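User: Hi! Could you walk me through this one? I'd like to start with the ring contacts and then zoom out.

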Amino acid sequence: MLALLALPVTPAPSFRIVPLPRGAPAASRSNSLVEALQHPSVSVAVLKRDDTGGEHASWTPLDVSASLPLSQALTARSCPPDGVMEAFRAAPDHVRSEICELLRLFAMVAREAGGASSDTLLNCRLVVASEQGRCPRLHYDKVALRLSVALCGEGTRWLAESAINRAGYAALRHHNRLPSWLQQMLLQPRGWMLYNAFLRWPWCAERRTMQSDCLFMKGSGWRYGLRHQPLRFERRALPALHRSPVGGFYGSDEKSPRVLFTVDFA
């Protein structure tokens with residue numbers, strides 16, 4: 001238990017907020033994101049976008065996935081490629097158009113910052129859920145890079161590096177070594193709250209992603225970026241720790257659906 005309470009070390013900033021000027025070209029957006037993600041101490045980049053004001057209350061629960069090569073995502077213009085279009089046929093036209101834009105943006109960033117090649121498969125998913133969150137426990141993704149966008153409802157919550165208790169993180173990765181009573185508590189229906197408390201310093205808050213903002217998160221498969229500068233200490237950031245929101249959503253009641261689009265590559 002003492003390992004969970006080790007004193008924190010103040011790290012370099014682990015995230016970048018990238019503002020999006022109105023009418024900015026796609027190349028400008030991708031260049032700013034690439035510059036941010038190339039730094040080894042950065043695990044999260046947030047592209048601030050105008051709220052599209054998506055009102056999808058009429059949608060029924062939906063969970064569809066599709067994959068396509070990066071080269072195909074780069075050439076898509078006004079609508080997603082055929083395979084993706086077929087998977088997402090239940091989505092409104094303006095949502096499919098937005099998905100196309102997000103796919104092209106992610107493909108550019110994955111190629112320039114993540115070392116993805118033209119035949120790298122991009123895995124995309126569209127989820128419409130009325131429940132309050134499927135993954136309330138803080139976790140990282142076993143991918144190289146993931147983009148998460150809440151088209152409607154509250155976005156993904158995440159931790160800055162300075163908020164992470166690294167000792168607690170290391171201890172929970174080997175949870176079978178924890179006392180049996182603590183393992184049992186973590187398995188309870190609300191055990192995720194205790195789990196998250198061990199990962200986050202109590203004086204630090206989770207960060208929220210607003211509706212329509214693009215959240216780029218490095219996963220455990222990230223192996224690219226700038227090298228460490230000689231004679232300069234810069235601790236490499238942990239994979240982005242994040243979770244689904246639990247509770248009401250911004251600007252909507254709890255019965256409104258949460259529409260989440262994600263795309264990643266391994």
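Analyst: Happy to! Keep in mind that this is a predicted model. A nice place to start is Arg137, whose charged end sits over the ring of Tyr195, 4.2 Å from the ring centre.

User: Cool. Which helix contact does Tyr195 take part in?

Analyst: Tyr195 belongs to H7, which meets H5. The axes of helix H5 (residues 166-173) and helix H7 (residues 191-199) come within 7 Å and cross at roughly 135 degrees. That crossing angle is over 115 but not over 145 degrees, so H5 and H7 are oblique to each other. On the H5 side the contact uses Gly168, Tyr169 and Leu172, while H7 brings Tyr195, Phe198 and Leu199.

User: How many nonpolar, polar and charged residues are in that contact of H5 with H7?

Analyst: Five are nonpolar, one is polar and none is charged.

User: OK, switching to ring-ring pairs. How many aromatic pairs does a search of the whole structure find?

Analyst: The search turns up four aromatic pairs. One of them joins Phe15 and Trp158 in an edge-to-face arrangement, with 5.3 Å centre to centre and 70 degrees between the planes. Phe15 lies in strand S1 (residues 15-19) and Trp158 in strand S6 (residues 157-158), so this pair links distant parts of the chain, 143 residues apart.

User: And Trp158, buried or exposed?

Analyst: Buried: its relative accessibility is 3%, and the cut-off for buried is under 20%.

User: What about Phe106 and Phe216, stacked or edge-to-face?

Analyst: Those two are stacked, at 6.3 Å centre to centre with 10 degrees between the planes. They also link distant parts of the chain, with Phe106 in helix H4 (residues 93-114) and Phe216 in strand S8 (residues 214-218), 110 residues apart. Phe106 counts as buried because its relative accessibility is 0%, and Phe216 is buried too, with a relative accessible area of 0%.

User: Which aromatic cluster do they form, and with what residue?

Analyst: Phe265 joins them, and Phe106, Phe216 and Phe265 form one aromatic cluster.

User: Great, let's zoom out. How many helices and strands are there in the protein chain?

Analyst: The chain has seven helices and ten strands. Of its 266 residues, 50% are buried.

User: And what share of the contacts with a separation of 6 or more comes from residues 24 or more positions apart?

Analyst: That share is 86% for the protein chain. The Phe15 and Trp158 pair, 143 residues apart, is a good one to look at with that in mind.

How values were computed
Residues are numbered from 1 along each chain as its sequence is written. This is a predicted model: local features need pLDDT of at least 70, side-chain atom pairs count only at pLDDT 80 or more; totals for chains, interfaces and linings use all residues. Side-chain values use heavy atoms; hydrogens and water are left out. Axes are lines fitted to C-alpha atoms, for helices over the stretch in contact, and angles run from 0 to 180 degrees between N-to-C directions. Helices (H or I, at least four residues) and strands (E, at least two) are DSSP runs, numbered from the N terminus. Angles under 35 degrees count as roughly parallel, over 145 as roughly antiparallel, 65 to 115 as roughly perpendicular and the rest as oblique. Contact means heavy atoms within 4.5 Å. Ala, Val, Leu, Ile, Met, Phe, Trp, Tyr, Cys and Pro count as nonpolar, Asp, Glu, Lys and Arg as charged, and the others, Gly among them, as polar. Rings of Phe, Tyr and Trp (its six-membered ring) pair if their centres lie within 6.5 Å; planes under 30 degrees apart count as stacked, over 60 as edge-to-face and the rest as tilted. Buried means under 20% relative accessible area, exposed over 50%, partly exposed in between (1.4 Å probe, protein chains only). A charge sits over a ring if NZ of Lys or CZ of Arg is within 6 Å of the ring centre and within 35 degrees of the ring normal.
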